[in-house]
Protein chains: 2
Amino acid sequence: MKDKIKIVGFDADDTLWVNETYYRQTEDLFYELLTGFIDPESCGKKLLELEIKNIELYGFGAKSFVLSMIETAIEVSQGKVPAEIIQRIIDLGKEQILKPVILLDDVQQTLEELKHDYRLIVATKGDLLDQERKLNLSGLAAYFHHIEIMSDKKEKNYLDLLQHLDIKPQEFLMIGNSLKSDILPVLTIGGYAVHIPYHTTWIHELVEDENIDNPKFKTIEKVKDILGLLQ
Amino acid sequence: MKDKIKIVGFDADDTLWVNETYYRQTEDLFYELLTGFIDPESCGKKLLELEIKNIELYGFGAKSFVLSMIETAIEVSQGKVPAEIIQRIIDLGKEQILKPVILLDDVQQTLEELKHDYRLIVATKGDLLDQERKLNLSGLAAYFHHIEIMSDKKEKNYLDLLQHLDIKPQEFLMIGNSLKSDILPVLTIGGYAVHIPYHTTWIHELVEDENIDNPKFKTIEKVKDILGLLQ
């Protein structure tokens with residue numbers, strides 16, 4: 001693997017720093033706001049349904065999440081949710097946007113070691129401003145040669161990225177926590193991919209078959225384990 | 001001007017295609033929804049105030065706009081706005097996102113002529129997914145060597161862009177409808193800038209002093225007038 005790779009791409013949320021945990025916390029507070037109308041489990045199902053339905057229109061990220069929570073609140077209350085709860089949902093969203101950026105274990109040291117031998121990039125989806133803010137707060141920006149904030153992470157998006165970076169798929173390694181977004185599309189186009197599972201994954205990012213039989217694929221437990229593969 | 005310039009950057013909204021007009025239409029429908037609580041003029045003032053306050057957190061684009069409309073509705077109704085009006089605001093936002101992309105006069109022909117002598121790029125702020133969608137719908141994507149969707153358009157953002165493009169400011173010309181976002185920061189860093197006023201400008205994009213005395217600056221009426229300056 002290590003002989004060919006020129007550029008190593010990192011996913012950001014739940015690969016470099018904590019993210020999904022914050023979403024789950026916000027969701028729990030959201031379900032609480034609506035306990036007068038619906039139980040948490042059914043509320044979560046409706047929210048997920050609307051989030052997925054709205055992805056095409058809204059894309060990923062905190063603002064999309066807030067808009068889907070508001071729509072869920074209106075729907076599950078059959079239009080009876082009071083404005084003060086809607087305002088509380090908006091405030092939950094603002095609080096979520098302003099959460100601190102907490103790096104996962106050994107991220108900085110790993111980037112520090114890798115930067116000598118590879119060009120490092122971030123390839124993340126989500127909201128443009130949110131991801132820029134998190135990257136600035138993370139203190140990691142200087143490690144990266146390029147930051148790509150993508151509207152989605154499908155084969156086509158990766159092909160565009162590699163064309164932009166002027167490298168071949170077999171010179172690219174992607175590292176991330178989502179099999180669906182970080183691993184499978186990269187393997188499909190002929191790149192390398194390393195999966196670092198995070199303890200919490202958004203249902204929409206799960207794939208049915210987690211068995212991947214591909215010599216260009218590895219699973220590791222912690223980000224620093226990448227050093228054993230690449231050095 | 002034409003001897004030195006290598007890359008010509010185009011703003012997108014209200015430079016390549018209609019945008020602000022749609023926002024105004026949505027705003028008018030929004031004011032109508034709230035006539036039971038507040039007059040349109042006062043409502044518009046409150047909306048603008050909240051939009052500007054929320055920019056730091058939300059950035060630019062349709063989702064930010066919808067979230068600020070919802071917050072405005074709650075505030076001007078003192079928490080009495082019914083959920084069905086909130087839902088209507090969400091629907092207005094979805095309708096706005098799906099508006100057709102209408103090119104301004106002679107945009108395509110102008111790009112067609114310029115592409116032989118310059119590398120053309122789009123440099124736009126706004127929502128990542130919205131701008132990608134509009135660019136795809138516009139049919140113009142193939143004219144552009146690079147698309148930069150920026151979280152803001154200040155000097156720092158342009159310097160980052162030029163570094164990424166590997167050119168000097170004096171090799172860059174920016175064309176756009178906003179003195180604040182497309183012209184002044186580019187002139188400040190030493191680039192060329194051409195202003196094409198659009199009949200409708202968001203108040204937040206207006207600048208107090210519109211007199212710019214800089215040999216690297218020109219104002220034109222229509223996008224095709226750029227050909228007279230560059231050819």
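## Two helices and two copies

Me: Why are H1(B) and H4(B) called roughly antiparallel to each other?
Reply: In this predicted model, their axes cross at roughly 170 degrees and come within 11 Å. Angles over 145 degrees count as roughly antiparallel, so H1(B) and H4(B) earn that name. The axes are lines fitted to C-alpha atoms over the stretch in contact, with angles from 0 to 180 degrees between N-to-C directions. Helices are DSSP runs (H or I, at least four residues), numbered from the N terminus; H1 of chain B covers residues 20-33.

Me: Which residues meet between H1(B) and H4(B)?
Reply: Tyr22(B), Phe30(B) and Leu33(B) are among those in H1(B), while H4(B) brings residues including Ile85(B), Arg88(B) and Gln96(B). Being in contact asks for C-beta atoms, placed from the backbone, within 7 Å.

Me: What makes the two copies related as by a two-fold rotation axis?
Reply: A rotation of 180 degrees, with 0.0 Å of shift along its axis, superposes chain B on chain A at RMSD 0.0 Å. The copies are thus related as by a two-fold axis. The fit is by least squares on C-alpha atoms of residues with pLDDT of at least 70 in both.

Me: How do you know that the same surface serves both copies?
Reply: The contact takes 26 residues from chain B and 26 from chain A, and 100% of the contact residues of chain B recur in chain A.

A word on conventions: residues are numbered from 1 along each chain as its sequence is written, and chains are lettered from A, with ligands numbered from 1, in the order written. Local features need pLDDT of at least 70 and side-chain atom pairs 80 or more, whereas totals for chains, interfaces and linings use all residues.

Key. Two residues are in contact if their C-beta atoms, placed from the backbone, lie within 7 Å. Angles under 35 degrees count as roughly parallel, over 145 as roughly antiparallel, 65 to 115 as roughly perpendicular and the rest as oblique.
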